[in-house]
Amino acid sequence: MSLKNFSELFIDLDSCNSTNKKIGILKNYFSSNEALENSWTIYLLTGKSNKRFISGRSLKTLFSEIYEYPLWLIDSCYLKVGDSAEVISLLLRNMLPGKNKKFQDVSLQELLNISFQELSILKEDDKKLWLKGIWENIPKESHLVINKILTGTFRVGVSIGLITKSIAKLINLDEAIISHRLMGDFIPSQESYEILIDRKINPSELNYKPYPFLLANTFEKKIIDKSINDFQFEWKWDGIRIQLIKRLGKVSIWTRGQDLVNKSFPELVEKISSINDDFVIDGELLVWNFKESLPLNFSLLQKRINRKAPSRSIQKSLPIIFIAYDLLEINGEDQRDSNLEIRRNSLEKHLYKWLNESKEELSNILKISDLKYPKNWEEVETFKNNSRDNGTEGLVIKNKKSIYTPGRKKGLWWKYKVDPMQLDAVLIYAKGGSGIRAGLYTDYSFALWKDGELIKFASAYSGLKNTEIKELDRWIRQNTIDRFGPVRSVKPEMVFEISFENIQISKRHKSGIAIRFPRITKWRKDKLIKDADTLENAEKLILNK
Amino acid sequence: MKKDSSYLIKYTSSGLYCELADVWIDPNKPVKRAIITHAHMDHFTLGCDEYISTYETAIILKERIGKEIKIKTYDYEKEFKINGVKISFHPSGHILGSSQIKFNLADEKWLITGDFKRQKDETCKEYEIVETDYLISESTFGLPIFIWDEPKKTATDITKWVGSSQDKTSILFCYSLGKAQRLLNEISKTNFINNIYSHSSIYKMNNCYKKLGIDIIETKKLEHTKNNSDLKGNLIILPPALNKSSSLKNFKDIQTGFASGWMSIRALRKRSGYDKGFSISDHADWKGILKTIKDSKAKNVFFHHGDSEALNKYLKEKNSINVLEFKYK
């Protein structure tokens, strides 16, 4: 009864807009299904490792070959739907009118752990037979779920927090404990589920796992009513948030997204292993320019994350650094209930000790997050506005009395980001979106003036309201000059305010500049295209940085 | 193939036109003489000198626009002549009174299906198969991803949706004319036990259907009900134009749904802004369109309404039929 139950769960969750109702649905599901199936359900719902068994393109091609169905027609349908898995599920209803019930009782374990695993070693012709067998033997209500799992696109509006809440409710245990158990790798098995729902807490099970991260809120004006001495100030680094763990001699590097990234940063693992104490440190990983003592661009860090076994030369050309800002555990003792002031003292004490003791040039990879001491709130403002000089994106303000608790609780930490840079640019190209934005033109390219010509300088697809997207979509269709595949060039007429976080010289772009996190912040209907900014203005932003 | 100009029916920017009979079909501008396929407002323009339609369409039209118009009615199948062109109405199965229009001149037959569907619908006459040489039809849902569920299933889903949220008021959006009455008819066959409230525009159409002999279950007129707690656990049916925060702000604790053929696509459902989508349509799905082409035995087809690019290409590849592409005049 498993695939059937899971498909029903998917449909129920997919069409439900109330958090409480979702928790109820999940709790109900977990209590009425077997442990092993529940473990696979959690694995799928959290999308922890959305493994792709087959690409969307192959799914379409194989369907076309199996059923001798024109590929162009599948592609036409795709333009309306924006998801290969759904297109194929919808088209399958044309092929398989009968009721397939043979596999309705198949378990998720059997499908995911046995059947799907075979797929990768099959030859093309056998793949076709295999797919045909799956499609024609599972009930059509499950086609969407199966195709989404196959293409690694299975997602439903359920966050890990929601699963945590429903499990916590199910066994009546503290959410923080469940959240802890769900951190990091969750390998589906009867045992992993049983550990998850164990009412007894076993300290050793927690050894490799990070603590749930404390997340900063956006700056609130009201905190300036309080004394500046109540707060600790640090730069807001633009890297990846990391918990660096060493327990029983083993190092684990966990991202906030709960990925274990030891493999990408072997030099960090190696150097940290030489420290004698055990600890859990919260901090930021960056690619570092040692000459100028500044962080390098985030895109370089991304390069490092994506490399699973970086060569020595990459380690050398893209050197990383870990900036420590909080101590959560020391030699097995949880520090999170101590207030920040105490944790900071302890962090400083231990870190300086390690740096002194080490022979491994630990200082080249481990650094403490320097505190800033603004005298008053006006100076905080100045610090924030100058943050780009240090390659940071603002300040993090922390309540000195705060304890370290999971999630984005109010009144603990705030991020105070520097205002984004902005330019007014002209819309010149539009491309159809995919997924939820299928069938609408939602990916836009913008241009700036240079010597009376419009030069493309950025693409953005977020920031507009739904009603604006629809309005712009209509305008795009009516004002198309030319089409290149899915891209339309449009009459230069519409001006938008584009905001972004960083700007730098780039040889790869025609405009000669690259910006980070571009987004649309305003549709400037009040402006004519001659009022849009020039590339020169953009270059000035780089100089003024 | 004949030249455009010699066709009996032409496609112009104002709509389909039969020059010989000097009659327009669902014109979008005021003209001398207009044949109206059905009473949806996107097929009707005020200000024509003379209208021709089925009796049911005429009654519904007058009710909707609340004005006298000069309208001549003919029964289904009854042939009439204008300037020697033989014309007749045939049920199209879209809504009550909706019709296909057959034109016949010197043994050459043209059929305009208008909006049509092949699914069962107890609130209107079933689509009649009419053979023709030239078929002009609509392709609103002209892609193979559109395959309709049984309306019974959709109605059961709606009943379940309302029943499982008794702490909320369920608001279902659907077109006031046709869809609303069909849904009410289908819902009445499920084990729906709660109250149903209709918006005045829907209430009016319900009465109109009843007057024309269609059995529609009793609903309460929404405007008579001010008390929010009365609405809790019940179903309200509203036209889609009212899905705005300003119209909904008077209701507390609501869940919203939309009943439309577009809702059969998850991506569109997610984007629609409704909490829930119910797939049901008064247009033909892909199979319905293909079946209609085959049933009509037409040698030439032409599609308007909706994106017909894929459908045209599909038909051309199958090579059994001549796909015409009219150019605007």
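Reader: Why is Asp253(B) called exposed?

Author: Asp253(B) has 11 C-beta neighbours inside 10 Å. A residue is exposed if 12 or fewer other C-beta atoms lie within 10 Å of its own, buried at 20 or more, and partly exposed in between, with C-beta atoms placed from the backbone. So Asp253(B) counts as exposed. Mind that this is a predicted model, where local features need pLDDT of at least 70 and side-chain atom pairs count only at pLDDT 80 or more, while totals for chains, interfaces and linings use all residues. Residues are numbered from 1 along each chain as its sequence is written, and chains are lettered from A and ligands numbered from 1 in the order in which they are written.

Reader: What makes the phi of Asp253(B) worth a remark?

Author: Most residues other than glycine have a negative phi. Asp253(B) is not a glycine, yet its phi is positive, about 45 degrees. You'll find Asp253(B) in the loop between helix H6 (245–248) and strand E16 (254–259) of chain B. Helices here are DSSP runs of H or I with at least four residues, strands are runs of E with at least two, and both are numbered from the N terminus.

Reader: And how do you know that Asn331(A) is exposed?

Author: Count again: Asn331(A) has 11 other C-beta atoms within 10 Å, so it is exposed. Its phi is positive too, near 45 degrees. Asn331(A) sits in the loop between strand E7 (320–330) and strand E8 (333–334) of chain A.

Reader: How do you know that the radius of gyration of chain B agrees with a compact globule?

Author: The radius is taken over C-alpha atoms, and the globule rule is 2.2 Å times the number of residues to the power 0.38. For 329 residues that gives a value near 20 Å, and chain B has 21 Å, which agrees. As for burial, 49% of the residues of chain B count as buried.

Reader: What makes E7 and E19 of chain B edge strands?

Author: The open sheet runs E7-E8-E9-E10-E11-E18-E19 in chain B, with mixed pairing. Two strands pair if DSSP finds at least two bridges between them. Strand E7 (80–82) and strand E19 (322–323) each have a single partner strand, so one side of each is left without a neighbour in the sheet.

Reader: How do you know that E10 and E11 of chain B pair?

Author: Strand E10 (residues 108–112) and strand E11 (residues 134–138) of chain B share 3 bridges, in the parallel sense. With at least two needed, they pair. Look at Trp110(B): its bridge partner in E11(B) is Tyr134(B).
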